[in-house]
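Let's take a friendly walk through the salt bridges of this model. Have a look at the charged side chains as you go.

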Amino acid sequence: MTIVDDLKQALGDIVLTGTQIGERHRSDASLTGRELPKAVIRPTSSGEIATALRLCNENGQTVVVQGGLTGLAGGANAGKDAVVISLERYTGIEEIDPQAGTMTVRAGTPLEVAQRAAEDAGFLLPIDLGARGSCQIGGNLATNAGGIRVLRYGVTRDNVLGLEAVLADGTIISSLNKMIKNNTGYDLRQFFIGSEGTLGVITRAVLRLRPLPAGRLTALCALESYDDLVAFLTRCQRRLPGLSAFEAMWENYFRFNAEAEKLKFFDEIPPFAVIVEQDLLGDASERDGFEAFLGEALEDGIIADALIAQSEKESRSFWSVREGHAMDSQLPALVNLDVSLPIGDIGRFAAECGAALSQRFPAAHVSFFGHVADSNLHIAFSEPDSDADTPHIVDGIVYEIVRRYKGSISAEHGIGTLKRDFLDHSRSPAELELMHRIKRALDPNGILNPGKVI
Ligand SMILES: Cc1cc2nc3c(=O)[nH]c(=O)nc-3n(C[C@H](O)[C@H](O)[C@H](O)COP(=O)(O)OP(=O)(O)OC[C@H]3O[C@@H](n4cnc5c(N)ncnc54)[C@H](O)[C@@H]3O)c2cc1C
């Protein structure tokens, strides 16, 4: 009997093989996965996941967990010898506790479904990212996703109170804690958050909910320099109590996406554009305050122009430029890099990085955008004559500059396979050795997502 036979015998028709396995299981959104796995298991309970892992562990069978497959680091890609556990059918909100302000949710639930359920109950689930329609709560936890509300509510890690995970040997660790304070020994949830499927399979989570804002004010601002941008950010943080987004776009990123969306906001494309968003906390005077705040920044010369969205449609048009979906279809072999640097250094870093990339690839599109308030910069790179080595050369150029600036090679997308060879640019040998020790302790046979992260 093979391991696949064992799995089929124990779990029945939730184990798919051969032509039953859909194409989507080949790769995450990095489109770097090449092979289909030898089996895909689609469980609907933690018990089935435990059975699958116990059998795989006993047989030394490698396992890759797949969530919504929107990851950008190759972490969910499985080779032909791996068994995939797909969480796509382990979905649903188990409970919303309005007194504790928590949601208990199954890992396969799409983020947007969880967000809507929270809103229907009068709460905000603050985890939010462009892939919300497809990414899953389990994937968000496994990658410690960032996104567009981090400035106000923190990264995914900051919005998780408890979780359940299944270890490589099939042990179910249920820590579905609902309390904010709980200092009873090691914080076990943190082993799994951000571990990209290498330490256990996340099966359920208790998420922290916040009061639903009464509405949102959105402005698109034009700025002349990165120094102005930092001064404006500081002022926004001091003066806008509901500040919930501060998203920056460098000139050529803004130009490309505004033109692609056929949108014209300013007479001239400014050197920098920023979307500022403020959650309304309930008082009608907040709109007047927001307008006065922007008027003052204009008078002081910190911003050069500002548009306040007058409707949801207008607000969405600002965001459509920032989300830049047009780039995916219009730029060949697009590479999206995701780095983190001290906020004050980002302007100089972008200039240096842009110059280095343009020198090596004179015909390439290089543009910058990002969640600057979270010290997070994204780089969009597209080379018309790209070949198989191009992404690695680009990584090498960018991450070497990141190392010099003492930044991080991954702000929010994780390490997966694509950044693994550069992990030592941001982590010391002692840190890496501790990671290996933790991996050996939780997964001694190395069956979980081998070759990923470390
Ligand atoms: C258009 C777009 C916009 C994006 N914007 C952002 C952004 O703003 N911020 C950001 O951080 N990311 C962003 N991403 C990246 C991606 O959406 C996130 O990393 C997301 O959290 C991945 O979730 P997923 O369910 O798709 O996971 P997958 O891609 O399926 O998996 C990601 C990793 O997590 C592991 N994993 C998945 N589920 C589990 C589980 N239940 N238990 C254990 N391990 C698991 C996988 O093995 C893999 O290593 C974006 C991606 C796209 C395509």
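Glutamate 94 is a good place to begin: its relative accessibility is 33%, which counts as partly exposed, a class that lies between buried (under 20% relative accessible area) and exposed (over 50%), computed with a 1.4 Å probe on protein chains only. Before going further, note that this is a predicted model, in which local features need pLDDT of at least 70 and side-chain atom pairs count only at pLDDT 80 or more, while totals for chains, interfaces and linings use all residues. Residues are numbered from 1 along each chain as its sequence is written, and side-chain values use heavy atoms, leaving out hydrogens and water.

The partner of glutamate 94 is arginine 106, and their side chains form a salt bridge at 2.8 Å, N to O; the term means a side-chain nitrogen of Lys or Arg within 4 Å of a carboxyl oxygen of Asp or Glu. The pair links strand β5 (residues 93-97), home of glutamate 94, to strand β6 (residues 102-106), home of arginine 106, across 12 residues. Strands here are DSSP runs (E, at least two residues), numbered from the N terminus. Arginine 106 is partly exposed too, at 28%.

Now turn to aspartate 279, whose salt bridge with arginine 216 has its closest N and O atoms 2.8 Å apart. Because aspartate 279 sits in strand β14 (residues 272-280) and arginine 216 in strand β12 (residues 215-223), the pair ties together parts 63 residues apart in sequence. Aspartate 279 is buried at 0% relative accessibility, whereas arginine 216 is partly exposed at 35%.

Methods
Helix = DSSP H or I, 4+ residues; strand = E, 2+ residues; numbered from the N terminus.
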